[in-house]
Amino acid sequence: MNGRWRPSAGLEVLRARAELLARIRAFFQRAGVLEVETPLAAAAANPDPMLESLATRYTGPGAAAGRQLYLQTSPEFAMKRLLAAGSGPIFQICKAFRDGERGRLHNPEFSILEWYRPGYDHARLMDEVEALTAPLLGITEPFERLSYGELFQRHLGLDPHAADTARLRACAQERGGPGLAALELDADAWLDLLLSEFIEPRLGRGRPCFVYDYPASKAALARVRPGPPPLASRFELYADGLELANGFHELSDAPEQ
């Protein structure tokens, strides 16, 4: 008999994971954040153009001809329904599913922690993310915090809020060769490429690093603060070159949304 039946996770890993989940739940219990559980399957797919939903099919009472359901890419929308109904602060640890994602760091099925704190802005939320993750990672010194602009100035010597497409292409060519410069991308895509290829692998080395104040074009569902330049009230947390968390001050203006 071959060993294909054996689970890929050893007992030591399963115990460590169970302890991690218990510590996360204890953190939120102490903070007065309610644990919730929402449906994994929904009638509508995820609207984010960067994410692909996995689908399944239900056949039974109410849908004799069958009805397509979509597995959640995150519990975000179901949790926001609870928030709108007055739940107060809530968190959830659950499964999420994303089609087309598989590799050393990605899987089509994965576990995700998501929580919401009514009344918190992104700065206060960064403080809570650090309070949660520092003990889990065994970090005792404060996390580094860099704005998106500071990040590009430090690692690439350019202002991401002012650089045009030609300048961004030239920067990519300087570091990645003519093959990159031959790509036909807009400014936003160049910024994503420069960040992922030449900056992200350096982030969070030695201690975790928050990146905040993203360009307004990368606001996703975050509020945009006016000014020159307008900035998204959003952050990401990196450790050892990997993104661990994404958070933001939620956009609640319906027409803008």
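**Where in the chain is Asp-213 found?**

Asp-213 sits in strand β8. Strands and helices here are DSSP runs numbered from the N terminus, a helix (H or I) having at least four residues and a strand (E) at least two. Before going on, note that this is a predicted model, in which local features need pLDDT of at least 70 and side-chain atom pairs count only at pLDDT 80 or more, while totals for chains, interfaces and linings use all residues. Residues are numbered from 1 along each chain as its sequence is written, and side-chain values use heavy atoms, with hydrogens and water left out.

**Exercise 1. Describe the chain as a whole.**

Step 1: Start with the elements. The protein chain has 7 helices and 11 strands.

Step 2: Turn to its extent. Its C-alpha atoms fill a box of roughly 60 × 55 × 50 Å along the principal axes.

Step 3: Look at burial. Of the 257 residues in the protein chain, 37% are buried. Buried means under 20% relative accessible area, exposed over 50%, and partly exposed in between (1.4 Å probe, protein chains only).

**Exercise 2. Compare the backbone at Asp-213 and Asp-240, then find a cis peptide bond.**

Step 1: Asp-213 has a positive phi of about 60° although it is not a glycine. This residue is buried, with a relative accessible area of 12%.

Step 2: Asp-240 has a positive phi too, near 50°, and is likewise a residue other than glycine. Asp-240 lies in the loop between β10 and β11 (242-248) and is partly exposed at 48% relative accessibility.

Step 3: The peptide bond from Pro-228 to Pro-229 is cis, with omega near -5°. Pro-229 belongs to the loop between β9 and β10.

**Exercise 3. Follow some salt bridges through the structure.**

Step 1: Recall the idea. Side chains of opposite charge can pair when their charged atoms come close. A salt bridge is counted when a side-chain nitrogen of Lys or Arg is within 4 Å of a carboxyl oxygen of Asp or Glu. A search of the whole structure finds 14 of them.

Step 2: Take Arg-25 and Glu-35, whose closest N and O atoms are 2.9 Å apart. Arg-25 lies in helix α1 (residues 11-30) and Glu-35 in strand β1 (residues 34-35), so this salt bridge ties together parts that are 10 residues apart in sequence. Arg-25 is partly exposed at 31%, and Glu-35 is partly exposed at 37%.

Step 3: Move to Asp-188 and Lys-218, a salt bridge with its closest N and O atoms 3.7 Å apart. Asp-188 is in helix α7 (residues 187-199) and Lys-218 is in the loop between β8 (209-215) and β9 (224-225), so the pair ties together parts that are 30 residues apart in sequence. Asp-188 is partly exposed at 29%, whereas Lys-218 is buried at 12%. Elsewhere, salt bridges that share partners join Glu-76, Lys-80 and Glu-250 into one network.

Step 4: Look inside that network. Glu-76 and Lys-80 meet at 2.6 Å, N to O. Both lie in helix α2 (residues 76-84), 4 residues apart, about one turn of the helix.

**Exercise 4. Work out the strand order of an open sheet.**

Step 1: Three strands form this open sheet in the order β2-β4-β3, with antiparallel pairing. Two strands pair if DSSP finds at least two bridges between them.

Step 2: Find the edges. They are β2 (41-42) and β3 (54-60), each of which pairs on one side only.

Step 3: Zoom in on one pairing. β2 and strand β4 (residues 63-71) pair in the antiparallel sense over 2 bridges, and Ala-42 stands opposite Tyr-70 in β4.

**Exercise 5. Identify the central members of the largest nonpolar core.**

Step 1: Set the rule. A nonpolar core is a set of buried Ala, Val, Leu, Ile, Met, Phe, Trp, Tyr and Cys residues joined through side-chain atoms within 4.5 Å.

Step 2: Among the 25 residues of the largest core, Phe-152, Leu-156, Leu-194 and Val-211 touch the most other members.

Step 3: Trace the suppliers. α4 (148-156), α5 (165-176), α7, β8 and β10 (231-239) each supply at least two residues. The most come from α7, which gives 7 residues.
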